[in-house]
Amino acid sequence: MAPYDDWNKVEDEEDEELQDYSLYEGKRDVILFCIDCSPSMLEMREDERYEDVQTCNLMIALEAAMQIQKRKVLVGPNDAVGIMLFNTTKRNESGQAGADIKKGTYVYQPIATIDAPKVMELIQLLDEARENPDLLKETFPPMTDKRVPVGDVFTSCNWVMRDGAPKTATKRIFFITDEDDPHPGPSGHRLMTSARTTLIDLMQAGVTVEPFFISTDEKPFDPTKFYSSVLLPTNITDLDEISDEGPAPMLPESISITRVEELLAQIRFHEVPKRALFSVPFTLAPDFTIGVKGYGLITEQKKGSYRYFADLGDRMEPVTSRTAYVDEDRDAEADKAEILYGMDLGAHSAEADGEEAPDNADSGVGARAVQLGSRVFYTADEVRSFRTLGLEPGIKLLGFKDRSELAFEDNIKHSVFIYPDEMAYSGSKRTFTALLRTMIKKRKIAIVLALTRRNASPIFCAMLPQAEKVDESGWREPPGFHLIPLPFADDIRAAPLSKGFRASEELVESARRWIEKLKVKNGSYPPDSYPNPALAYHNAQLEASAFREDFDPEAFEDLTVPKHDMIHKRAGKLMQEWKQELLEDETANIVAAPPAGRKRKAGTQDVAVDEDEVRRLHDKEQLHKLRVEDLKNFLKSRSEPISGKKDDLVQRVGDWLDAHPRV
């Protein structure tokens, strides 16, 4: 019989179509940089990174946009980026993109697929601005008498997104400003309401606004003056508390940038889009369904796949591959709908051997009738139904259990975080929130049957509720459910437990002192700030090649390399004291003896060696190829002594064969 994997999978092309990798690669990410161009953003100051070079907040924001574009050339070539400036008197000419947007806003780069010439144009602008500090002020003259209403800015963003972003793309606006109160005076409340209404229209169009507030010692940024009442929180629990009259919840502190140099790091952190792995219905009861989306919490980053190009002389065109199946008898391409899948079960069918088919071959009663020993065939839909058990993608609630029923060893696979999808079913957020709050209050978990893709197999999962949590650094863990795949009985193994020596309290306290000195800033490790050095080195080489720059391997910085000088400066003395105490501690110098090794033994029953094989080796003078166990078993079965080394055993076997020739 053929292996299970050989007949239970559809061909590669069909399998990729079923898994719908468009959620990972095909779905485009669109980012519109919306940058304030007011006089405060154009104030020049010394650039700490370069000598005798001046910079400003606008230049730093444009440099961040340039870095994101350079990154997406390599890791997201299908994504699109645009740049729009506001609070500037510069206007787009008639016939250009952005000519019909609100006054006071200017589209510097319309939303379009990333390409190297556009990025190099922005790089040239920044290089010229470093040599001529007044260039940006001359290129984008700021408005000095008034400011553009924030509602008009959001309206212009909506129009730019409408004209340039695909409907199925992940659409986001990076809003960068240093003005915390753009509309002081009696008209501020009216403009605040207008901005909030326009932002709701943006959100309903599937656009997310991510603010980046620049705050300095000279000009601190206070979001409570205006933006905390305009920008909507992205979590579901706060959405229920929003009213048209009451104040909105406070925005998280993490979006406020205290140092301008942190802008690039913050934007790079938010640049990775949150793409849903699946979007399925969640059935709570018969005729009671809401929509949910699943997000992967852990994703492995890999080098981009290579592509083939055809040289057409004047241009290079990408080559697309296609899999085709050919019918050898007809010498023509076979129709995929007519291809069947089977497994080997005995002899071929009667038709293949030239015999007549049985009379009941076309009976079609209950199942395909086949002759005994012939091959069974299945269609692609039947193979798919074997895998999915005939179920459609979705999550079905089966019941609830106490939270204590979920053991630690049940986590054998990465969980998926699920969040409500209001676009699929209206009212999903409120129902999802009510279920979440009730389960947290009663300390319950839900048991569900989940099928997240059409070509996957249904599995039982536990839904673990997570309440919203904001730590001291401002990092916000959103409320939602963790979908944890539950293991089967044979997925869990009993691990052997071994007890070691416990360090003394004095030794533990001594180690704690130098560990406290080496804690990560704010007590949390941000993995997005430390890219994989192998991938970063690979991308840096590709980036230099794409933009025709010289790649200097010595200039590459590996952010994961420990800073030994800083470590020794902070905790070197404490480490030496701890090491000395460790050497003086008696329990630390005890070495546990390794367990006695056990040699693997053959079965208690002796296995007889074939005499013909032994004689054949003896005739070729190759008895030494036999193992010692085989030689001993052969002699033991002939009542011969089995003591001595291998050479003695070989000699003894040879003497016995010579004394007992085969007649």
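The legends below describe close-up views of a predicted model.

**Figure 1. Overview of the predicted protein.** The protein has 663 residues, of which 35% are buried. Its secondary structure consists of 17 helices and 23 strands. Of the contacts between residues at least 6 apart in sequence, 71% join residues at least 24 apart. The accessible surface amounts to about 42,100 Å², with 51% belonging to carbon and sulfur atoms.

**Figure 2. The largest nonpolar core and its members.** This core contains 35 residues, and those touching the most other members are Phe33, Ile35, Leu58, Ile83, Leu136 and Phe140. Two or more residues each are supplied by strands E1 (29–36), E4 (80–86), E5 (105–113), E6 (170–177) and E7 (207–214), together with helices H3 (57–75), H4 (116–131) and H5 (135–139). Apart from this core lies another, of 33 residues, which includes Leu32, Phe86, Ile111 and Leu199. In soluble globular proteins, nonpolar side chains tend to be buried together.

**Figure 3. Surroundings of Ile83.** Which residues are in contact with Ile83, leaving aside its neighbours within four places in sequence? The contacts of Ile83 include Leu32, Phe33 and Ile35, and also Leu62, Ala65 and Gln69. Tyr106, Val107, Tyr108, Gln109 and Leu122 are likewise in contact with Ile83.

**Figure 4. Asn87, a residue with positive phi in the loop between E4 and E5.** Asn87 is not a glycine, yet its phi is positive, at about 65°. With a relative accessibility of 1%, Asn87 counts as buried.

**Figure 5. Asp331, a residue with positive phi in the loop between E13 and E14.** The flanking elements are strand E13 (326–327) and strand E14 (332–333). Phi of Asp331 is near 55°, again in a residue other than glycine. Is Asp331 buried or exposed? The relative accessible area of Asp331 is 65%, and because exposure begins over 50%, Asp331 is exposed.

**Figure 6. Strand E17 and its pairing with E9 and E19.** Strand E9 (residues 278–285) and strand E17 (residues 394–402) run parallel and are joined by 2 bridges. In this pairing, Lys396 of E17 stands opposite Thr283. Strand E19 (residues 444–451) pairs with E17 in the antiparallel sense, over 8 bridges. Phe400 has Ala446 in E19 as its bridge partner.

**Figure 7. Strand E18, with 5 of its 5 residues buried.** Strand E18 covers residues 416–420. Val416, Ile418 and Pro420 point one way from the strand, whereas Phe417 and Tyr419 point the other way; residues of both sets are buried. E18 pairs with strand E10 (residues 288–296) in the antiparallel sense over 5 bridges, and Val292 stands opposite Pro420. E18 is also joined to strand E23 (residues 480–485) by 3 bridges, and these two strands run antiparallel. The bridge partner of Phe417 in E23 is His482.

**Figure 8. Thr433 in helix H11.** Helix H11 is formed by residues 428–442. Thr433 is buried, with a relative accessible area of 1%. Thr433 and Pro420 are 13 residues apart in sequence, and their C-alpha atoms are 8.6 Å apart in space. Pro420 itself belongs to the residues of E18 that are buried.

**Figure 9. Helix H12 and its buried side.** Helix H12 (residues 505–517) has 13 residues and reaches 19 Å from its first C-alpha to its last, close to the 18 Å expected at 1.5 Å a residue. Leu507, Ser510, Ala511 and Trp514 are its buried residues. These residues lie on the same side of H12, because they cover an arc of only 95° around the axis. Helix H14 (564–584) is included in what covers them.

**Figure 10. Helix H17, with one buried face.** Helix H17 (residues 646–659) has 14 residues and reaches 20 Å from its first C-alpha to its last, close to the expected 20 Å. Leu649, Val650, Val653, Gly654, Trp656 and Leu657 are buried in this helix. Seen down the axis, the buried residues of H17 fall within an arc of 160°, so they line one face of the helix. Asp647, Asp658 and Ala659 are exposed on the other side of H17. The cover over the buried residues of H17 includes helix H15 (611–619) and helix H16 (628–637).

Technical notes:
Residues are numbered from 1 along each chain as its sequence is written. This is a predicted model: local features need pLDDT of at least 70, side-chain atom pairs count only at pLDDT 80 or more; totals for chains, interfaces and linings use all residues. Side-chain values use heavy atoms; hydrogens and water are left out. A nonpolar core is a set of buried Ala, Val, Leu, Ile, Met, Phe, Trp, Tyr and Cys residues joined through side-chain atoms within 4.5 Å. Buried means under 20% relative accessible area, exposed over 50%, partly exposed in between (1.4 Å probe, protein chains only). Helices (H or I, at least four residues) and strands (E, at least two) are DSSP runs, numbered from the N terminus. Contact means heavy atoms within 4.5 Å. Accessible areas come from the Shrake-Rupley method with a 1.4 Å probe; for residues, only the protein chains shown count as cover. The expected span of a helix is 1.5 Å times one less than its number of residues. The arc is that of the directions from the helix axis to the C-beta atoms. Two strands pair if DSSP finds at least two bridges between them.
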